Amino acid sequence: MKLKRYKKILVTGGAGFIGSFLVDRLIDEGYKVRILDNLEPQVHNGKKPKYLNKKAEFLKGDVRHYKDLKKAVDGIDAIFHLASAVGVGQSNYEIKKYVDVNVLGTANILDLLVNSKHQVKKIITISSMTGYGEGNYICNKDGIVRPAIRGENQLKNKDWNIYCPNCNLIVTPSSTNEAALDFPNSIYGFSKKAQQDMALMIGRLYNIPTVVLRGFNIYGPRQSLSNPYTGVTAIFISRLKNNQEAIIFEDGLQTRDFVSVHDVVSAFVFALEKDGANFQMFNIGSGEGTSIFEVAEILSKLLGKSGLIRVNNEFRKNDIRHCFADISKAKAVLGWRPKKTLEEGFEELISWSISEKAEDKFQKAQKELKKKGLA
Ligand SMILES: NC(=O)c1ccc[n+]([C@@H]2O[C@H](COP(=O)([O-])OP(=O)(O)OC[C@H]3O[C@@H](n4cnc5c(N)ncnc54)[C@H](O)[C@@H]3O)[C@@H](O)[C@H]2O)c1
Ligand SMILES: [Zn+2]
């Protein structure tokens with residue numbers, strides 16, 4: 001076995017969807033792992049998930065509490081910081097909670113590293129494509145442009161297009177790279193941007209190697225099927241399993257970049273082991289946009305449910321139209337590339353979901369958005 005530079009690793013949010021697969025992989029690779037997770041009720045119903053790796057040390061605690069973090073960081077060589085409140089729409093009305101968990105939680109970790117004795121030699125965290133807002137587009141006249149979020153009046157007219165900010169021509173989506181400026185469309189996006197920027201800045205200032213992965217739409221088994229606030233694949237599966245329609249906003253042709261959780265975990269391991277990754281941010285996506293309609297179609301076919309897709313021609317305020325990743329930096333520097341095709345990944349997701357309980361709370365989440373005037 002390779003000599004390990006980092007023996008004991010902390011994974012915050014290690015009971016979650018992505019964190020738990022990361023924990024499994026790190027243990028397989030020979031690392032000792034400690035999890036810090038508060039078992040957020042919206043994700044876990046307050047219970048430890050049954051997939052939790054028994055070889056990991058589990059600390060129930062909250063990144064908002066300094067004393068929990070102090071215990072968690074003791075004896076740790078590297079930190080994967082994944083704990084976050086995760087939900088784009090919800091963050092725009094639960095503003096304080098999202099800032100508390102995502103911004104102050106991250107601030108707590110950084111503060112602790114700067115102001116107390118520790119042996120942490122690397123920090124890796126995960127930001128989100130939501131920080132970008134709309135992705136890059138190509139205008140036939142102006143080349144690459146970054147249009148703003150569409151206004152409510154345009155959406156009320158059911159005009160879903162994106163127009164060039166310079167000449168008003170309709171533009172076509174193009175991949176977005178890490179050099180693109182951030183124009184978050186949600187408090188969640190702002191909080192992830194703050195997390196990413198704070199971590200990189202403090203890392204550079206104190207010379208603690210820091211890496212940020214920027215996740216696009218990550219899907220896979222273990223994503224809570226009863227949390228209606230995040231994960232379009234999990235939300236569709238939950239609806240379809242309950243013989244309810246998968247509801248698609250706008251015309252269904254908006255695209256997102258879907259990447260398997262297993263590919264994300266591989267990127268995390270490269271980020272840990274490669275020094276060339278230090279102090280940098282990497283887009284982690286498939287590099288391709290897939291329409292939301294196509295996603296619903298594939299999932300319903302795999303589940304054997306027909307006639308349960310409804311394109312509602314309505315909109316949620318501040319939704320972006322397209323954003324997919326330029327992953328050339330991760331390929332070049334991390335030596336990473338996504339391996340699971342959408343078909344393979346969705347098949348795995350569906351076979352996992354068959355025996356899972358899925359409480360359909362979609363209507364509740366929709367009602368909340370409507371009450372706030374956001375849908
Ligand atoms: N799922 C995606 O598509 C996606 C995309 C980009 C980035 N991310 C990021 O990946 C990370 C993991 O997300 P996920 O999809 O696995 O979500 P998840 O909700 O399954 O996992 C998050 C975990 O963090 C824990 N947690 C929440 N608040 C906490 C707190 N205050 N203290 C301690 N633990 C807390 C939860 O209990 C949960 O186990 C998050 O940082 C998220 O922003 C996710
Ligand atoms: Zn133009």
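**Close-ups of a zinc site and two loop residues**

In sequence, the residues that donate to the zinc ion (ligand 2) follow the spacing C-x2-D-x21-C-x2-C. All the views below come from a predicted model.

**View 1. The zinc ion (ligand 2) and its protein donors**. Here you're looking at C139 (SG), D142 (OD), C164 (SG) and C167 (SG), which sit 1.9 to 2.3 Å from the zinc ion (ligand 2). The angles subtended by the four donor atoms run from 102 to 116°, so the arrangement is tetrahedral. For reference, the ideal angle for four tetrahedral donors is 109.5 degrees.

**View 2. D142 and C164, two donors from separate loops**. D142 comes from the loop between strand 6 (137-139) and strand 7 (143-145), while C164 comes from the loop between helix 6 (152-156) and strand 8 (172-173), so the pair ties together parts 22 residues apart in sequence. Their surroundings are worth a look too. D142 is partly exposed, at 33% relative accessible area. C164, by contrast, counts as buried, because its relative accessibility is 2% and the cut-off for buried is under 20%.

**View 3. R222, a non-glycine residue with positive phi**. Phi of R222 is near 80°. You'll find R222 in the loop that links strand 11 (217-219) and helix 8 (232-241). With a relative accessibility of 16%, R222 counts as buried.

**View 4. N318, with a positive phi in a residue other than glycine**. Phi of N318 is near 75°. The loop between strand 17 (309-311) and strand 18 (324-325) is where N318 sits. N318 is partly exposed, with 33% relative accessible area.

How values were computed: Residues are numbered from 1 along each chain as its sequence is written. Chains are lettered from A and ligands numbered from 1 in the order in which they are written. This is a predicted model: local features need pLDDT of at least 70, side-chain atom pairs count only at pLDDT 80 or more; totals for chains, interfaces and linings use all residues. Side-chain values use heavy atoms; hydrogens and water are left out. Donors are N, O and S atoms within 2.8 Å of the metal (3.2 Å for Na, K and Ca); water is not among the atoms, so sites may look incomplete. Four donors count as tetrahedral if all angles lie between 85 and 135 degrees; four count as square planar and six as octahedral if opposite donors are over 155 degrees apart and all others between 65 and 115; anything else is irregular. Helices (H or I, at least four residues) and strands (E, at least two) are DSSP runs, numbered from the N terminus. Buried means under 20% relative accessible area, exposed over 50%, partly exposed in between (1.4 Å probe, protein chains only).
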